[in-house]
Amino acid sequence: MASLVSSWSSEVNSIPEKYVVPLEKRVNADVPIGKHIPVIDLSQSSTQSIQQIIKASADFGLFQVINHGVSETLMVDALSVCKEFFKLPIEDKAKFVEKDEGLSDFEPSIDQRPKLYIEKEYTPNKDGSNTNNVKDTVFWKDTFGHGCHPLTQDVINSWPEKPQKYREVISEYALELRKLSLRILDLMCEGLGLEVGYFCQEHSQTQLMVTHYYPQCPDPNSTIGIGEHCDGALINLVQQELSGLHVRDKDGKWFGVEPIPGALVVINGLILKVVTNGKLSSGVHRVVTNSTSDRTSLGSLISPIECIIEPAKLLINESNPPLFKSFSYTEYLGYYFSDTTEIEAALKPYKL
Ligand code: OGA
Ligand code: NI
């Protein structure tokens with residue numbers, strides 16, 4: 001357990017070497033807050049929401065939603081039980097730390113059982129061969145994640161027993177977030193001319209609840225919470241309590257995503273980009289650390305399980321040729337976790 005950042009971060013004054021970002025790769029933690037990143041009010045007419053979602057998806061691949069129907073009390077409770085989980089004594093968390101199974105840092109196991117992820121310095125391929133995943137910096141965070149769909153009693157029983165309200169609160173939160181994700185996906189369908197419910201079947205068979213805990217950091221300039229990336233999922237809905245999440249706009253400029261109480265950040269994943277044949281982009285984002293407070297974020301990632309991913313037929317015609325060939329989601333996921341040389345490395349083999 002010694003390698004959980006939160007177990008030692010408050011006792012150090014200088015950053016252990018493997019967490020120090022090489023000078024040429026340092027990022028500016030103080031980028032301006034992106035006041036122009038859309039905050040979409042889902043209580044307005046659906047025509048307006050659709051238009052704003054499509055535009056935000058093209059400009060940022062990321063936006064925020066408010067008046068989305070998830071109660072503020074439930075949101076507060078969900079974040080609070082996740083924070084409490086990280087505060088538990090080490091013995092209560094130890095059983096969720098997996099022995100090295102050859103999976104890379106943040107690769108959930110197929111069954112999505114609860115797992116406390118320890119960042120590794122270097123991730124060799126499963127067969128021990130060379131890898132493209134030579135991450136030069138270890139991220140300044142601890143992560144806990146588990147599946148939550150389908151929400152069977154067995155799944156719930158696999159979750160932490162402590163804090164006492166974890167199972168009850170997270171079950172309700174997971175269901176609400178799934179409902180909201182599918183609603184947002186339906187608005188996207190309407191905007192693109194896809195049938196409503198297009199994403200409700202095989203594209204959304206799993207849901208992973210992920211808590212990132214970024215402890216306060218004595219030297220934010222030399223560390224990174226999560227390096228720039230796109231999410232491998234279909235869509236991710238993130239609750240953030242404090243600033244730290246940055247998004248890159250289409251001109252390559254970085255902006256902070258403003259923490260707004262009650263809002264949820266919607267991050268389009270790479271699968272959404274493929275299925276919409278690039279009509280919606282995926283948000284390029286990263287997380288920076290800070291020296292004054294711990295930061296916890298709670299994400300709900302909707303993804304396929306095992307299916308063929310391809311651009312929707314309805315979005316393809318002579319003037320819109322497919323940008324990607326069909327591929328197996330499982331194969332793609334292998335690339336996603338093993339090749340981090342570029343943001344879209346996992347899609348490279350499938351680009352037309
Ligand atoms: C992620 C992610 C953002 C955050 O889980 O992929 O980018 O604010 N999280 O922690
Ligand atoms: Ni992400």
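**Reading cysteines, a ligand shell and a glycine**

Analyst: Let's begin with a search of the whole structure, which finds zero disulfides. Keep in mind that this is a predicted model, where local features need pLDDT of at least 70, side-chain atom pairs count only at pLDDT 80 or more, and totals for chains, interfaces and linings use all residues. Residues are numbered from 1 along each chain as its sequence is written, chains are lettered from A and ligands numbered from 1 in the order in which they are written, and side-chain values use heavy atoms, with hydrogens and water left out.

User: What is a disulfide, and what cut-off is used to call one?

Analyst: A disulfide is a covalent bond between the sulfur atoms of two cysteines. Here the term needs a pair of cysteine sulfur atoms within 2.5 Å.

User: Why is cysteine 148 not bonded to cysteine 82?

Analyst: Because the sulfur of cysteine 148 is 10 Å from its closest cysteine sulfur, that of cysteine 82, which is too far for a bond.

User: Are these cysteines buried or exposed?

Analyst: Buried means under 20% relative accessible area, exposed over 50%, and partly exposed in between (1.4 Å probe, protein chains only). Cysteine 82 is buried at 1%, and cysteine 148 is buried at 2%.

User: Thanks! Which residues are around ligand 1?

Analyst: A residue counts as near a molecule when one of its heavy atoms lies within 4 Å of it. Around ligand 1 these are His212, Tyr214, Ile226, His229, Asp231, Leu245, His285, Val287, Arg295 and Ser297. By class, the shell has four nonpolar, four polar and two charged residues; Ala, Val, Leu, Ile, Met, Phe, Trp, Tyr, Cys and Pro count as nonpolar, Asp, Glu, Lys and Arg as charged, and the others, Gly among them, as polar.

User: Which side chains have an N or O atom paired with a ligand oxygen?

Analyst: A polar contact is a pair of N or O atoms within 3.5 Å. A polar side-chain atom of tyrosine 214 lies 2.6 Å from an oxygen of ligand 1. For aspartate 231 the distance from a side-chain N or O atom to a ligand oxygen is 2.9 Å, and for histidine 229 it is 3.1 Å. Taken alone, ligand 1 exposes 290 Å², and the protein buries 95% of that (Shrake-Rupley method, 1.4 Å probe).

User: What does glycine 299 contact beyond its sequence neighbours?

Analyst: Contact means heavy atoms within 4.5 Å. Leaving aside neighbours within four places in sequence, glycine 299 touches Leu208, Met209, Val210, Asn236, Leu237 and Val238. Glycine 299 is also buried, with a relative accessible area of 7%.

Conventions:
A polar contact is a pair of N or O atoms within 3.5 Å; within protein, one must be able to donate a hydrogen and the other to accept it, and residues adjacent in sequence count only if both atoms are side-chain atoms.
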